[in-house]
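Subject: Structure handover

Hello,

Here is the structure we talked about passing on. Please open it alongside these notes.

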Amino acid sequence: MTFDYDLFVIGAGSGGLAAAKRAASYGAKVAIAEEYLVGGTCAIRGCIPKKLMVYGSHFPAIFHEAAGYGWKVGDAQLDWEYFINAIDQEVRRLSNLHIGFLEKAGVELLQSRATLVDPHTVEVDGRKVTADKILIAVGGRPIKPDIPGMEDAITSNEIFHLEQKPNHIAIIGAGYIGTEFACIMRGLGCEVTQIIRKDLILKGFDEDIRTGIQDGMTHHGVNIITNITVKSVERVTEGLKLTLSNESEPIIADVFLAATGRIPNVEGLGLENAGIDVVDSSVEGPGYSTNYAIAVNEYSQTSQPNIYAVGDVTDRINLTPVAIAEGRAFADSEFGNNRRVFLHKNVPSAVFSNPEAATVGITETEAKEKLGEAVKTYRSRFRPLYHSLTGAQEKTMMKLVVDSNTDKVLGAHMVGEHAAEIIQGVAIAVNMGATKKDFDATVALHPSAAEEFVTMR
């Protein structure tokens with residue numbers, strides 16, 4: 001049977017772009033469809049604009065800390081409109097850059113929504129095209145809990161386009177998105193209230209990371225309300241009124257961010273037309289209907305043999321580098337005569353909060369569940385040298401989780417400045433199976449915070 005394309009990719013985000021370009025490099029005829037800006041969540045409404053906001057939020061503290069080194073900094077003010085527009089311009093520049101990369105790779109871009117008609121047919125921009133193989137890489141989307149008045153809440157999609165800086169922003173959600181934006185908005189000078197259902201933020205991270213970030217956020221002035229849920233939202237003269245559970249005092253804020261989870265963006269794709277199986281996604285909590293992810297095997301292959309899926313739409317590890325790696329592994333396997341799988345193991349991750357955190361490997365709790373008393377933990381807490389003159393009471397925590405039977409380092413965790421940059425290097429060692437003796441035998445780079453990872457005893 002003759003097809004219009006060897007590969008048709010639905011979704012021009014991180015995973016789809018990586019797969020399309022890699023497949024085209026092997027000589028495949030490839031098309032990719034995208035209904036929004038090319039680049040996906042990470043480049044357009046996620047990692048990149050968020051990190052730029054993180055950078056911007058650090059300047060007030062830098063100005064204040066400069067005094068400890070003898071610098072005199074005058075009155076500093078944020079031009080919110082300039083800030084938001086500058087970020088938007090950079091996002092659009094990156095999107096155009098991705099379009100240029102596709103053109104250079106020989107991938108045809110169709111800037112329209114695509115849906116499945118059958119296992120080999122896609123409808124896009126009112127016409128039907130066929131492909132030998134189809135890759136679904138549509139990512140995920142933020143959702144709001146089913147609470148009265150939630151139409152007045154924004155999500156992480158809209159927060160990049162606020163016309164004015166909020167005086168007071170209320171945030172529900174204890175995950176990394178809610179936590180990061182709580183820190184960003186506090187750094188930018190907003191009053192911030194973060195409302196969480198349990199005692200601690202960041203479920204699934206190591207306990208020392210969870211407590212370290214939460215304590216640091218509280219120290220920086222973020223009001224974290226624990227063991228509380230929002231029952232309803234009402235627009236009043238003063239702004240938005242959040243009625244809380246347990247008869248707590250209502251909260252009045254001018255912006256309300258719902259950061260309670262993301263789900264695979266499968267709605268309306270036509271999965272049923274192609275006979276693609278789905279599984280329940282990992283989103284949990286009150287007020288959510290059942291959500292689905294595309295079921296795949298280790299080769300990112302769906303229940304329909306010629307259709308594949310990568311990235312957040314499969315709800316495995318929802319990180320940009322993972323989607324890219326899955327997309328390239330798919331292209332290598334199906335078009336590059338190099339059949340391989342991407343191992344979802346020892347994947348590093350970071351939380352760009354204040355304080356920042358990063359991690360690779362397993363947590364201390366997970367290690368003890370597997371190995372019991374054989375787990376040995378090395379931990380260091382200290383005040384960074386930089387703050388010896390600023391007067392700021394900032395702390396850094398570093399931790400290694402070790403299997404005493406083999407001396408192998410199972411996990412590395414850090415809370416503190418430049419955590420992501422440091423853990424990226426440590427991740428190489430952990431992924432190679434380094435032992436604690438290997439860390440001990442590494443000469444320290446002094447004076448640095450990173451040296452603590454090789455001097456802990």
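Three strands form an open sheet in the order E11-E12-E13, with antiparallel pairing. Its edge strands are E11 (230-236) and E13 (251-253), and each pairs on one side only. On average, neighbouring strands here are turned by 25 degrees against each other, direction ignored. E11 and E12 (residues 239-244) run antiparallel and are joined by six bridges. Within that pairing, valine 233 has leucine 242 in E12 as its bridge partner. Keep in mind throughout that this is a predicted model.

Next, the five-stranded sheet. This one is also open, is paired antiparallel, and has the order E19-E20-E23-E22-E21. E19 (349-351) and E21 (375-382) stand at the edges with a single partner strand each, so one side of each has no neighbour in the sheet. The average turn between neighbouring strands is 15 degrees, direction ignored. Three bridges hold the antiparallel pair of E19 and E20 (residues 357-361). One residue to look up is alanine 350, whose bridge partner in E20 is alanine 358.

Two helices pack on this five-stranded sheet. Helix H6 (residues 207-219) touches E19, E20, E21, E22 (396-403) and E23 (408-415). The direction of H6 makes about 5 degrees with that of E23. Helix H11 (residues 419-431) touches E19, E20, E22 and E23. For H11, the angle to the direction of E23 is about 175 degrees.

Now the second largest pocket. It holds about 840 Å³ of space. Its lining counts 35 residues, and the closest to the centre are His58, Ala61, Glu65, Asn354 and Glu417. Which elements give two or more residues to this lining? They are helix H3 (47-66), helix H5 (176-187), helix H10 (387-390) and H11. H3 provides the largest share, nine residues. By class, the lining has twelve nonpolar, 15 polar and eight charged residues. H11 thus turns up twice: it packs on the five-stranded sheet, and it contributes to the lining of this pocket.

Last, the aromatic pairs. The count comes to seven. One of them, tyrosine 69 with tyrosine 386, is stacked, at 5.8 Å centre to centre and 20 degrees between the planes. This pair links distant parts of the chain, with its residues 317 apart. Tyrosine 69 lies in the loop between H3 and helix H4 (80-105), and tyrosine 386 in the loop between E21 and H10.

Over to you.

Best wishes

Technical notes
Residues are numbered from 1 along each chain as its sequence is written. This is a predicted model: local features need pLDDT of at least 70, side-chain atom pairs count only at pLDDT 80 or more; totals for chains, interfaces and linings use all residues. Side-chain values use heavy atoms; hydrogens and water are left out. Two strands pair if DSSP finds at least two bridges between them. Helices (H or I, at least four residues) and strands (E, at least two) are DSSP runs, numbered from the N terminus. Axes are lines fitted to C-alpha atoms, for helices over the stretch in contact, and angles run from 0 to 180 degrees between N-to-C directions. Contact means heavy atoms within 4.5 Å. On a 1 Å grid over the protein atoms alone, a cavity is a set of points where a 1.4 Å probe fits but cannot get out, and a pocket is an open set with protein on both sides within 12 Å along at least five of seven lines; lining residues have an atom within 4 Å of a point. Grid points are joined across faces, edges and corners, and a volume is the space filled by probe spheres set on the points. Ala, Val, Leu, Ile, Met, Phe, Trp, Tyr, Cys and Pro count as nonpolar, Asp, Glu, Lys and Arg as charged, and the others, Gly among them, as polar. Rings of Phe, Tyr and Trp (its six-membered ring) pair if their centres lie within 6.5 Å; planes under 30 degrees apart count as stacked, over 60 as edge-to-face and the rest as tilted.
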